[in-house]
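Hello,

Here is the structure I promised to pass on to you. Have a look at it first, and then read on for what turned up in it.

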Amino acid sequence: VHTQTAGTPQPDRCYAVANVPRDKLYAIDPNTGVPELIGEVSTKILLPEDPRDPQGGRDVNAPTDIEALEFVPADNGAGLVLYAVSQRNFGTLDWTTAQFTPIGALDNGFGIVDGISFNNVDGIAYDPASGRMFGVQRRRDGLTDLLFVINIETGDLELDAFGPGKL
C-alpha cells in the first residue's frame, strides 16, 4: 500500500507541474489563476535492471519529467493519493513536499503495436468503477497515440488489458 500525506489537498486548488527548467509543483487558485509554489520535484528514479549498476537500479539525483498527474482516493479512505508518471516511472507525488516516489518502472509494450517504449506518457486517468489506472503514450510523426493500463500497486503495464495480445 502506498501512503501519502494524511488528509486531502486544498479542495479549491488545481495542482500542476511546470517543466521549466526543472519540474516544480504548484497549487493554483482556479478563481484567480495565481500559482503557489509547493517546491521543486525531487526523486529517486527506478532504472531498468542492469547487473552492472552498483546502486541496484536507482539514480539518486535523477531529474524528473512529469507530464501526467491524477488524484485517486487512498485505499484506507483517508484522503487522496496524487499519482504521476516521470519519464518511464509510475509513482506518487506528495502535494505538500513535491517528493516523487517511484512505485515501478514502465516496461516496453508488446500488443497490437510491437516494441513500444513507454517513455512519453502524457496523460493518466483513474476509473473508480474498475479501480484501473489508464495511461496514454504520446507518439510522434503522426502515429496514433496508445492507450494502456497501469497496475496501480506495482507500476507494471497490465498485459492483455483490452483482450488477448492487446496491451
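The accessible surface of the chain comes to about 9300 Å², and carbon and sulfur atoms hold 52% of that area. Please keep in mind that this is a predicted model. The chain has 167 residues, and 38% of them count as buried. As for secondary structure, you will find 15 strands and 0 helices. Among the contacts with a separation of 6 or more, 41% are between residues 24 or more positions apart.

On the surface, there is a nonpolar patch made by Val136, Leu147 and Phe162, with about 230 Å² of accessible area together. Val136 sits in strand β14 and is partly exposed, with a relative accessible area of 31%.

Now to the strands. One open sheet has 5 of them, in the order β4-β10-β9-β8-β7, and its pairing is mixed. The edges are taken by β4 (42-43) and β7 (66-73); each has a single partner strand, so one side of each lacks a neighbour in the sheet. As general background, strands of a sheet pair through backbone hydrogen bonds, either parallel or antiparallel. For β7 and β8 (residues 80-86), the pairing is antiparallel and runs over 7 bridges. One place to look is Pro73, whose bridge partner in β8 is Leu80.

Another pair to look at is β2 and β3 (residues 35-40), which run antiparallel and are joined by 5 bridges. Here Tyr26 stands opposite Leu37 of β3. The hairpin of β2 and β3 has 6 residues between the strands, and Gly33 in this hairpin takes a positive phi near 80 degrees.

Two residues that are not glycines have a positive phi as well. Ala98 has a phi of about 70 degrees, and Asp141 has one of about 60 degrees. Are they buried or exposed? Ala98, in the loop between β9 (89-93) and β10 (99-105), is buried, with a relative accessible area of 0%. Asp141, in the loop between β14 (132-137) and β15 (146-150), is exposed, at 80% relative accessible area.

Next, the charged side chains. In general, side chains of opposite charge can pair when their charged atoms come close. The count for this model is 4 salt bridges, and here are some of them.

- Asp29 and Arg13 form a salt bridge, with their closest N and O atoms 3.4 Å apart. Asp29 lies in the loop between β2 and β3 and Arg13 in the segment before β1, so the pair ties together parts that are 16 residues apart in sequence. Asp29 counts as buried at 16% relative accessibility, whereas Arg13 counts as partly exposed at 22%.
- Glu40 and Arg22 meet through their side chains in a salt bridge of 2.9 Å, N to O. Because Glu40 lies in strand β3 and Arg22 in the loop between β1 and β2, this pair ties together parts that are 18 residues apart in sequence. Glu40 counts as partly exposed at 39% relative accessibility, and Arg22 counts as partly exposed at 36%.
- Glu158 and Arg132 also meet in a salt bridge, at 2.9 Å from N to O. Glu158 is in the segment after β15 and Arg132 in strand β14, so parts that are 26 residues apart in sequence are tied together by the pair. Glu158 is partly exposed, with a relative accessible area of 28%, and Arg132 is partly exposed, with 22%.

Lys24 deserves a look too. This residue of strand β2 is buried yet has no salt bridge. Which side chain of opposite charge is nearest to Lys24, and how far away is it? The answer is Glu40, 4.1 Å away. A salt bridge requires a nitrogen and a carboxyl oxygen within 4 Å, so the pair of Lys24 and Glu40 at 4.1 Å is not counted as one. Leaving aside residues up to four places away in sequence, Lys24 touches Ala16, Val17, Ala18, Leu37, Gly39, Glu40 and Val41.

Last comes Val20, in the loop between β1 (14-18) and β2 (24-28). Val20 is exposed, with a relative accessible area of 62%. Its C-alpha atom is separated by 9.9 Å from that of Asp65, a residue 45 positions apart from Val20 along the chain.

Best wishes

Key. Residues numbered from 1 in each chain as written. Heavy atoms only, no water. Helix = DSSP H or I, 4+ residues; strand = E, 2+ residues; numbered from the N terminus. Buried < 20%, exposed > 50% of the residue type's maximum accessible area, 1.4 Å probe, protein only. Contact = heavy atoms within 4.5 Å. Areas by Shrake-Rupley, 256 points an atom, 1.4 Å probe, with all protein chains shown as cover. Pairing = 2+ DSSP bridges. Patch = residues over 30% accessible without salt bridge, like charges linked within 9 Å, V, L, I, M, F, W, Y side chains within 5 Å. Lys, Arg positive; Asp, Glu negative; His and termini not counted.
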